[in-house]
Amino acid sequence: MGATCPGVFQKSLPPVERTQHVIGREIQVIRGQLGRNHVTVFQGTARFLDAHTIGIIGDDERKITAEKIVIATGTSPARPDSVQFEDRTVIDSDAILRLDRVPETLVVVGAGVIACRYLGVKTE
């Protein structure tokens, strides 16, 4: 029983350098997809100035007006106070990338895209 996610992990977790390489490659893929779909990406700190205008502070300050605006903020793992994370046996999706080996047993809690990707650790 389980799911497979080919290419997520080999038989051991990647070192930090491998992780950064994979993240960089994923960023390139996403930027390529956005470019093919004529989506302009601006990096910086943004705030809505009105319903169709945002102010962005990055390398420079600019105002962008558009009919539709998407602000992608990224995410951080949830760490509820009721769970004692100690980054060795109870870990989050960031800490799993720092492990130097695949655990003998693993329970993945969650049903989001990140949790599903880690299902591949023990099912391959």
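The paragraphs below go through this predicted model from its overall layout to its sheet and then its surface.

The protein chain holds 3 helices and 3 strands. Read from the N terminus, the elements follow the order α-β-β-β-α-α. In that order one helix precedes the run of strands, and two helices come after it.

The 3 strands make up an open sheet, arranged β1-β2-β3, with antiparallel pairing. Its edges are β1, residues 45-50, and β3, residues 61-65, each of which pairs on one side only. On average, neighbouring strands in this sheet are turned by 25° against each other, with direction ignored. As background, the strands of a sheet pair through backbone hydrogen bonds, in either a parallel or an antiparallel manner.

The pairing of β1 with β2 can be followed in the model. Strand β2 covers residues 53-57, and 5 bridges join β1 to β2, the two running antiparallel. One position to look up is R47, which stands opposite G55 in β2.

Next come burial and contacts across the chain. Of the 124 residues in the protein chain, 16% are buried, where buried means under 20% relative accessible area. Among contacts between residues at least 6 apart in sequence, 28% join residues at least 24 apart.

The last point is the surface. The protein chain exposes about 10100 Å². Carbon and sulfur atoms supply 54% of that exposed area.

Technical notes. Residues are numbered from 1 along each chain as its sequence is written. This is a predicted model: local features need pLDDT of at least 70, side-chain atom pairs count only at pLDDT 80 or more; totals for chains, interfaces and linings use all residues. Side-chain values use heavy atoms; hydrogens and water are left out. Two strands pair if DSSP finds at least two bridges between them. Helices (H or I, at least four residues) and strands (E, at least two) are DSSP runs, numbered from the N terminus. Axes are lines fitted to C-alpha atoms, for helices over the stretch in contact, and angles run from 0 to 180 degrees between N-to-C directions. Buried means under 20% relative accessible area, exposed over 50%, partly exposed in between (1.4 Å probe, protein chains only). Contact means heavy atoms within 4.5 Å. Accessible areas come from the Shrake-Rupley method with a 1.4 Å probe; for residues, only the protein chains shown count as cover.
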